[in-house]
Amino acid sequence: MLDIHSHILPGVDDGSKSLDESVKILEMMKEQGITDVIATPHFYAFRENLDEYLKKIQDSYNLLKSYVAGMNLPDIYLGTEVLYYYNIGESESVYNFTFGNTMYLLLELTSSCIGDDLFKDIRNLRDKKGIIPVIAHIERYHKSPNFKKLLKFISKENIQAQVNASSLFDDDYTKITLKLIKKGYITYIATDSHSATGRVPMMNRALKFISNHRGNHYSGALIRNSEKMLDEITEASN
């Protein structure tokens, strides 16, 4: 099983603070049946220098890969969680942020950015750049006044979206997360894990929760979707 959203690279964002913490997170993931994980450190265009960012995450990735070699932990691929910025659909830099050698891009939104400019940029990412946008933790935006427009857009345009496993156990998000899964808006579930003590991986618990509340069909579909992406990533890496 692939986890498409995590902050396991040490010392690069608000995620893991050390190599040892990264190992602890990976051990938790393995116990939950996760065999592969994409490291998706945050990228904020308004405050990051692109070249410095890319070097920082590549160095951290190389360090972690070397450190865990031979530990029989989940395989790690490099990606990015990109905070949406205006005109991203025309940006050449987006190719630096995709998962491995694929065209998948994890796109973080804000409640205030949801609207016509965002929708245009997502179309441009797909149609002009060949990017496959994946909306990160879409359940977080449910209080946006344009949330229904976002759902209508992703349904009409067949845009992929992800929910966090931990949201199923958060009173603010449980109901909306289950509803989005049932209505067919969600392609992936991910841990969005940040630490070994606070924002920990909760994948196995979440999949059981979905099975109990919505049925095995829904949890099984989420697993199959991640497996399909993993096949594409593995093929692109060879």
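## Histidine 137, tucked away

Histidine 137 counts as buried, since its relative accessibility is 1% and the cut-off for buried is under 20%. Bear in mind that this is a predicted model. What is odd about the backbone at histidine 137? Its phi is positive, about 25 degrees, even though the residue is not a glycine.

As for where to look, histidine 137 sits in the loop that runs between strand 7 (132–135) and helix 4 (147–157).

## Asparagine 158, out in the open

Helix 4 also borders the loop that holds asparagine 158, with strand 8 (160–164) on the other side of that loop. Here is another residue other than glycine with a positive phi, this time near 60 degrees.

Is asparagine 158 buried or exposed? It is exposed, because its relative accessible area is 67% and anything over 50% gets that label. So the two loop residues part ways on accessibility: histidine 137 is buried, whereas asparagine 158 is exposed.

## A positive patch

Which residues form the positive surface patch? Lys148, Lys175, Lys179, Lys182, Lys183 and Arg214 do. The biggest share comes from helix 5 (residues 174–182), which puts in 3 residues.

Lysine 183 belongs to the patch too, but its place is in the loop between helix 5 and strand 9 (188–190). With a relative accessible area of 55%, lysine 183 is exposed, as the cut-off for that class is over 50%.

## Leucine 105 and a look across the chain

Now for strand 6 (residues 104–108), which is where you'll find leucine 105. Its relative accessible area is 0%, so leucine 105 is buried.

How far apart are the C-alpha atoms of leucine 105 and aspartate 192? They are separated by 15 Å, and the two residues are 87 apart along the chain.

## The chain as a whole

Stepping back, the protein chain has 7 helices and 9 strands. Its radius of gyration is 17 Å, close to the 18 Å that the globule rule gives for 238 residues, so the chain is as compact as a globular protein of that length.

If you want a box for it, the C-alpha atoms fill roughly 45 × 45 × 30 Å along the principal axes. How much of the chain is buried? Buried residues account for 55% of the 238; histidine 137 and leucine 105 are among the buried ones.

Terms used:
Residues are numbered from 1 along each chain as its sequence is written. This is a predicted model: local features need pLDDT of at least 70, side-chain atom pairs count only at pLDDT 80 or more; totals for chains, interfaces and linings use all residues. Side-chain values use heavy atoms; hydrogens and water are left out. Patches are made of residues with over 30% relative accessible area and no salt bridge: like charges are joined within 9 Å, nonpolar side chains (Val, Leu, Ile, Met, Phe, Trp, Tyr) within 5 Å. Accessible areas come from the Shrake-Rupley method with a 1.4 Å probe; for residues, only the protein chains shown count as cover. A salt bridge is a side-chain nitrogen of Lys or Arg within 4 Å of a carboxyl oxygen of Asp or Glu. Lys and Arg count as positive and Asp and Glu as negative; His and the chain ends are not counted. The place of a charge is taken as NZ of Lys, CZ of Arg, CG of Asp or CD of Glu. Helices (H or I, at least four residues) and strands (E, at least two) are DSSP runs, numbered from the N terminus. Buried means under 20% relative accessible area, exposed over 50%, partly exposed in between (1.4 Å probe, protein chains only). The radius of gyration is taken over C-alpha atoms; the globule rule is 2.2 Å times the number of residues to the power 0.38.
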